[in-house]
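Student: I should like a close look at a single part of this model, set within a brief account of the whole. Please state the cut-off behind each term as it arises.

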Amino acid sequence: MNRVFILLTGGAFLALILLIAAQAANAIYQLGHFQERMDKVVELHNRKIETVTAIQVDALARADRLLRMAIERDPFSRDQLFLEFNRAGFLVGSGRQRLRDLGLTPQEQKLYDEQSELIEKIMPMQERVTDLLAGERTEDAWIILVAEGIPMQERLNEMLAAMRGELQMANNLALWETRQDYQRNLQTTLLAGIFATVLGMGLAWFTLRRLTANTREIDWQMRALEAARAAFEEEATHDAMTGLANRKLFYDRLRQALLRAKRYDTKFGLLFVDLDNFKTVNDLYGHQIGDALLSEVARRLLDNVREADTVARAGGDEFLVLLGEVGSRLDCQAAADKIQASLQEKVVLRGIELTIAASIGQAIYPENGMAEDDLIRAADASMYRAKTSHRGRA
């Protein structure tokens, strides 16, 4: 009887050890498989999202160069824009090929085909516009751009945004399904561990702890990726020191203001702000004080314009202010006076009391120019007249 008991007990113990070993092996395999699957899902969908984003940026760049070609009067500048226009088209085509090579789901393929149909309409339209521009038929080119080009580009942008949203949803769904699969396997492991003694429960607890750590690591990586992407976008369009818009973003806002003003027959203003004797501040107190002074000027500029206006750092100690719709030059003058009064208030930086002096030039569309460069040059010239006359504004 004891022999039978010993055999049964030994067999049960052996079976318990085998069950624990099997559960441990299964848990380790599932954990590794889960991590591998998560990595593949995140990598594939992120590559697709990044590719679609690049296509969208290049498509917008191509449309932008075409619009600027229609505005540009200098033949050499127009030739350079035409080269950039063709380059952007090549990047759009190669990006779409990369996207196909990554593999598309039926829904993604449907969106891709819809984009292809629209692109087949956009390309001949853009070729007609470039032919008209080559023949100096700018007005006819503008008619096509307004009637067909801009609406088509907006539609393509919406399609690409929809595809990016579809990819993000697919990414989230795949991650959720992967987590669901793992949760089911985890429950099986925990139940078997409970029935297989406290040791099995300990193994299940260890597996759960590992899973939680991996999940946190994945979440942290996703947050870090999103933060890096947001930081990259911020760096690409904003000045690192002051946080103001950079020249690239300012030109984009200026082009939008031009298109809006031409379409609705409205006016807008442009201020060119240049700090007087800023080099002296750097020479006397160092670049740290100079940088702090630039940041303070940026803050005061933002505090004294409307929310819809744009303030940008043009470089060095120069700033640009885009005033949205204005009624007349008096509105520009009022804005310049308000900014000048704010800048003249004393500022204390690290115990050093400074007085900000600035020269402000202004330009208004369409009196001072019909293109962005013309308006900026007009505001710049107005600023230099103010600086020469020591009046602070013109």
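Student: What does the accessible surface of the protein come to, and what percentage of that surface belongs to carbon and sulfur atoms? With that settled, please examine the open sheet of four strands.

Tutor: The accessible surface of the protein comes to about 22,200 Å², and carbon and sulfur atoms account for 58% of that area; accessible areas come from the Shrake-Rupley method with a 1.4 Å probe, and for residues only the protein chains shown count as cover. This is a predicted model, in which local features need pLDDT of at least 70 and side-chain atom pairs count only at pLDDT 80 or more, whereas totals for chains, interfaces and linings use all residues. Residues are numbered from 1 along each chain as its sequence is written, and side-chain values use heavy atoms, with hydrogens and water left out.

The protein has 394 residues, of which 41% are buried (buried means under 20% relative accessible area, exposed over 50%, partly exposed in between; 1.4 Å probe, protein chains only). Its secondary structure comprises ten helices and six strands; helices (H or I, at least four residues) and strands (E, at least two) are DSSP runs numbered from the N terminus.

In the open sheet, four strands follow the order β2-β3-β1-β6 with antiparallel pairing; two strands pair if DSSP finds at least two bridges between them. The edges are held by β2 (310-315) and β6 (358-365), each of which has a single partner strand, so one side of each lacks a neighbour in the sheet. From one strand to the next, the twist averages 20°. Strands of a sheet pair through backbone hydrogen bonds, either parallel or antiparallel. Here β2 is joined to β3 (residues 318-325) by five bridges in the antiparallel sense, and V311 stands opposite V321 in β3.

Helix α10 (residues 372-389) packs on this sheet, where it touches β1 (268-275) and β6; contact means heavy atoms within 4.5 Å. The direction of α10 makes about 145° with that of β6. Axes are lines fitted to C-alpha atoms, for helices over the stretch in contact, and angles run from 0 to 180 degrees between N-to-C directions.

Two further points concern other parts of the protein. Helix α8 (residues 287-303) contains G290, which is buried because its relative accessible area is 0%. Not counting residues up to four places away in sequence, G290 touches F278, V281 and N282. Helix α4 (residues 138-195) contains I194, which counts as partly exposed because its relative accessibility is 49%.
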